[in-house]
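Here are my notes on the model you sent over. Have the structure open while you read, and go through the points in order.

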Amino acid sequence: CIRDRLTAGIGLDVYAKDLAACRAWEAAPDRADSVTCRALVVSGASDRMTDQAGGAVLAHLLEAEHVVLDAGHVIPSEAPWELTELLVQFLSVEPSDPN
């Protein structure tokens, strides 16, 4: 499993610190206000670091689409083709004229 190879040798203490940092991050609303371009939020269905609910909140704050892929936290490695297809579609759409 690619997830096992990517995380081999990482101790549980590192995971615990990473999870705590992800869950304690509260700057999203302030940072989201500074985003002025069209956005896409992508979450992994089995991501234990940043869950789908957090992705949904961020998407709401950004007024963006939220897509959940069958992956964990390292989506480019776990679902590369699905992510590539999603990004190509997103980048191929002309942004709407705000006027």
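The points below start with the overall layout and then turn to single residues.

1. First, a reminder: this is a predicted model. The protein chain has six helices and two strands. Reading from the N terminus, the elements go α-α-α-β-α-β-α-α.

2. A few totals for the whole chain. Of its 99 residues, 23% are buried. The accessible surface is about 7400 Å², with 56% of that belonging to carbon and sulfur atoms. If you take the contacts with a separation of 6 or more, residues 24 or more positions apart account for 64% of them.

3. Which residues form the largest nonpolar core? There are nine in the set: Leu40, Val67, Leu69, Ala71, Ile75, Ala79, Leu83, Leu86 and Phe90. Strand S2 (65-69) and helix H6 (80-92) each contribute at least two of these residues, and H6 has the largest share, with three. As background, nonpolar side chains in soluble globular proteins tend to be buried together.

4. There is also a second, separate core, this one of six residues, including Ala32, Ala39, Val41 and Leu62. Back in the largest core, one member to click on is Ala79. Setting aside neighbours within four places in sequence, alanine 79 is in contact with Asp70 and Ala71.

5. Arginine 38 deserves a slow look. You'll find this residue in the loop between helix H3 (28-32) and S1. Arginine 38 counts as partly exposed because its relative accessibility is 36%, which falls between the 20% and 50% cut-offs.

6. What does the side chain of arginine 38 reach at 2.7 Å? The partner is the backbone oxygen of phenylalanine 90. A polar atom of the arginine 38 side chain also lies 3.2 Å from the backbone oxygen of valine 93. On top of that, arginine 38 sits over the face of phenylalanine 90, at 4.0 Å from the ring centre. Phenylalanine 90 is itself one of the residues of the largest nonpolar core.

7. Still on arginine 38, try a C-alpha distance to leucine 91. The two residues are 53 apart along the chain, and their C-alpha atoms are separated by 9.8 Å. As for aromatic pairs, don't spend time hunting: the structure holds zero.

8. Is aspartate 47 buried or exposed? Aspartate 47 counts as buried, because its relative accessibility is 9% and the cut-off for buried is under 20%. This residue belongs to the loop between strand S1 (40-44) and helix H4 (52-62).

9. Where does the side chain of aspartate 47 make a polar contact? Look to the side chain of histidine 73, at 2.9 Å. With neighbours within four places in sequence left out, aspartate 47 is in contact with Ala71, Gly72 and His73. Of these, Ala71 also appears in the largest nonpolar core.

10. Last, please check the backbone at glutamate 63. Most residues other than glycine have a negative phi. Glutamate 63 is not a glycine, yet its phi is positive, at about 55°. This residue lies in the loop between H4 and S2. Glutamate 63 counts as exposed, because its relative accessibility is 76% and the cut-off for exposed is over 50%.

Note on methods:
Residues numbered from 1 in each chain as written. Predicted model: local features only at pLDDT ≥ 70, side-chain atom pairs only at ≥ 80, totals over all residues. Heavy atoms only, no water. Helix = DSSP H or I, 4+ residues; strand = E, 2+ residues; numbered from the N terminus. Buried < 20%, exposed > 50% of the residue type's maximum accessible area, 1.4 Å probe, protein only. Polar contact = N/O pair within 3.5 Å; in protein donor to acceptor, adjacent residues only side chain to side chain. Contact = heavy atoms within 4.5 Å. Phe/Tyr/Trp six-rings, centres within 6.5 Å; stacked < 30°, edge-to-face > 60°. Lys NZ or Arg CZ within 6 Å of the ring centre and 35° of its normal. Core = buried A, V, L, I, M, F, W, Y, C linked by side-chain atoms within 4.5 Å. Areas by Shrake-Rupley, 256 points an atom, 1.4 Å probe, with all protein chains shown as cover.
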